[in-house]
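Student: I would like a close look at one part of this model, followed through its neighbours at a pace that lets me check each residue in the viewer. Please take me from helix packing to the strands.

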Amino acid sequence: MNRFSLLFLAAGLVSCAPLPPLVTDPPQEAQPAEEAATATPQNDSSTATETVAAKTAHSEVAEAESPDSLSKENFEPIAPASNPEASRQNYPTWTLPAEAQRDFRVGIQVGVSKAEISGSHYTIELHGKGEKLSDQSGTIKISASGSKIAVNSEKADSVCITPAENAHLSVDGREYRGKILVINRSKKLTIINILPIENYLKGVVPNEIGKLDSSMFEALKVQAVAARTYAYRHYNSRSSLGFDVYATVQDQVYNGCANESALPSAAIDSTAGIVLTFENELIEAYYHSTCGGATEGVETWGISPVSYLKSQIDKKNADSSWCIASSYSSWKKVYSEKELVSLFQKNFKDARANGKSGFSKIQQVQIRTTLPGRRIDTLEVLTDKGIFTVQGDKIRFLFKEGSKILPSSRFTIEKNGKAWVLDGSGFGHGIGMCQMGARARAKAGQSFQEILQAYYPGTSLQCVHSEQ
């Protein structure tokens, strides 16, 4: 039985009742602090199993591709004409396991003490009390009360709020489609948005790749397929928490209805149900903001190679990468000796450095080995206490300032007088789709199928099919 099917065998109830506590989540450390999607991968945006150190889809699914995702180009809300039904008939079906026949669960707030939920014409179910309050309106205040949940003057084991048809609910001022489930975990609230995956994607795609104009409509379709694949692959990946994915860079950045727009929604609708598979299994559709001229394989996370996630040269000609328009296609960082010592001391543990800490001087920094996409595999640092090394994408954490890690591990380093100078390219882990490259490829006339094949070689497109 494949991994995806095994996850679904652990699925919880298909109703609004909370899922049972199942221990299927990856260790927290395995989720890197990515900048956005992209699947991730923890501080920036995309993707999912921490053994793969991805978020996003995070991931770095979502590195929320913060540098360039929100395009300043004119946004055209009119999508090219398309026939989704005819399009889907072109692809073989991928049948969901029976356990997957339920709406998606997104953890929108985790470990909070209170929240306000508002709307008009909604129903409240108080689980554990057997009460159901219909046709409610206005704002309700919810808080943790020991192991229970306090809803105004009532207490319950968990609470589910269902809006009227075509209505939305707001949680602390942010609007969401679908139901809101509130559970109590360790005397804190976990707030979960329950909705169909296609509606979930409408709150993901604009945040992960940006509100593009119609010349890049195919890039929006690429993002929709990648984000959809990530979501289906990660059903139950956070089962012990009661939901499927986080609404943050630990998986894919999801902001409810906040940034929904006509063109991204049209791209989602025109590819509805279409996912990426390899040997008839859903792939790990990792993506990132800017590759800098070459993507990287999952070896940067210290795991075994994956054929559809191998390093790819990503240039439109000998002199220019597809992601050249990104402000992170090249970047420079300069550190004084004192700054570098301070950063390395502070980040030694987070970077999982191997060697002696407690140093006060850095004498030499050398790149020992590199990966096929020119990201660093092994960085060696000589200090007054000896040598320590850092591997792969964790090198970015060695240079972390505040909550921000280094844009990428694709850089050179040299000492210039009393300063250490890093010349780098790229933003994110570099695995899978380069979002800025996808945008440029779309503008150059490539179809979403061509773009997906460029970044996930050897994969197939299939259409999710439900037997119910």
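Tutor: Helix α9 (residues 435–443) and helix α10 (residues 448–455) pack with their axes 10 Å apart and at an angle of about 145°, where axes are lines fitted to C-alpha atoms, for helices over the stretch in contact, and angles run from 0 to 180 degrees between N-to-C directions. The model is a predicted one, in which local features need pLDDT of at least 70 and side-chain atom pairs 80 or more, whereas totals for chains, interfaces and linings use all residues. Residues are numbered from 1 along each chain as its sequence is written, and side-chain values use heavy atoms, without hydrogens and water.

On the α9 side, Gly437, Ala438, Arg441 and Ala442 make the contact (heavy atoms within 4.5 Å), and on the α10 side they are met by Ile451, Ala454 and Tyr455. Helix α9 is mostly covered, for seven of its nine residues are buried (under 20% relative accessible area, 1.4 Å probe). The buried residues of α9 are Gln435, Met436, Gly437, Ala438, Arg439, Arg441 and Ala442, and the list therefore takes in the four residues with which α9 touches α10, Gly437, Ala438, Arg441 and Ala442. After α9 comes Gly445, whose phi is positive, near 105°.

From α10 a contact leads on to Thr271, which has its place in the loop between α6 and β15 (274–278). Because its relative accessible area is 0%, Thr271 counts as buried. If neighbours within four places in sequence are left aside, Thr271 is in contact with Phe448 and also with Lys221, Ala224, Val225 and Arg228.

The loop of Thr271 follows α6, so the packing of that helix is worth a look. Helix α5 (residues 217–233) and helix α6 (residues 262–270) pack with their axes 8 Å apart, at an angle of about 60°. In this contact α5 uses Phe217, Leu220, Lys221, Ala224 and Arg228, while α6 uses Leu263, Pro264, Ala266, Ala267, Ile268 and Ser270. Lys221, Ala224 and Arg228 of α5 thus touch α6, and Lys221, Ala224 and Arg228 are also among the residues in contact with Thr271.

Helix α5 also lies across strands, namely β15, β16 and β28, and it runs at about 70° to β15. These strands belong to an open sheet of four strands with mixed pairing, in the order β3-β28-β15-β16. Its edge strands, each pairing on one side only, are β3 (93–95) and β16 (281–282). Within the sheet, β15 runs antiparallel to strand β28 (residues 460–465), joined to it by four bridges (strands pair if DSSP finds at least two). One place to check this pairing is Thr277, whose bridge partner in β28 is Ser460.

Elsewhere in the chain, two hairpins offer further pairings for comparison. Strand β5 (residues 114–127) and strand β6 (residues 131–145) pair in the antiparallel sense over 11 bridges, and Ser120 has Ser137 of β6 as its bridge partner. Three residues lie between these strands in the hairpin, where Gly128 takes a positive phi near 95°. Strand β6 then pairs with strand β7 (residues 148–151), again in the antiparallel sense, over four bridges, with Ala150 in β7 as the bridge partner of Ser143. In this hairpin two residues lie between the strands, and Gly146 takes a positive phi near 65°. Throughout, helices (H or I, at least four residues) and strands (E, at least two) are DSSP runs, numbered from the N terminus.

Terms used:
Buried < 20%, exposed > 50% of the residue type's maximum accessible area, 1.4 Å probe, protein only.
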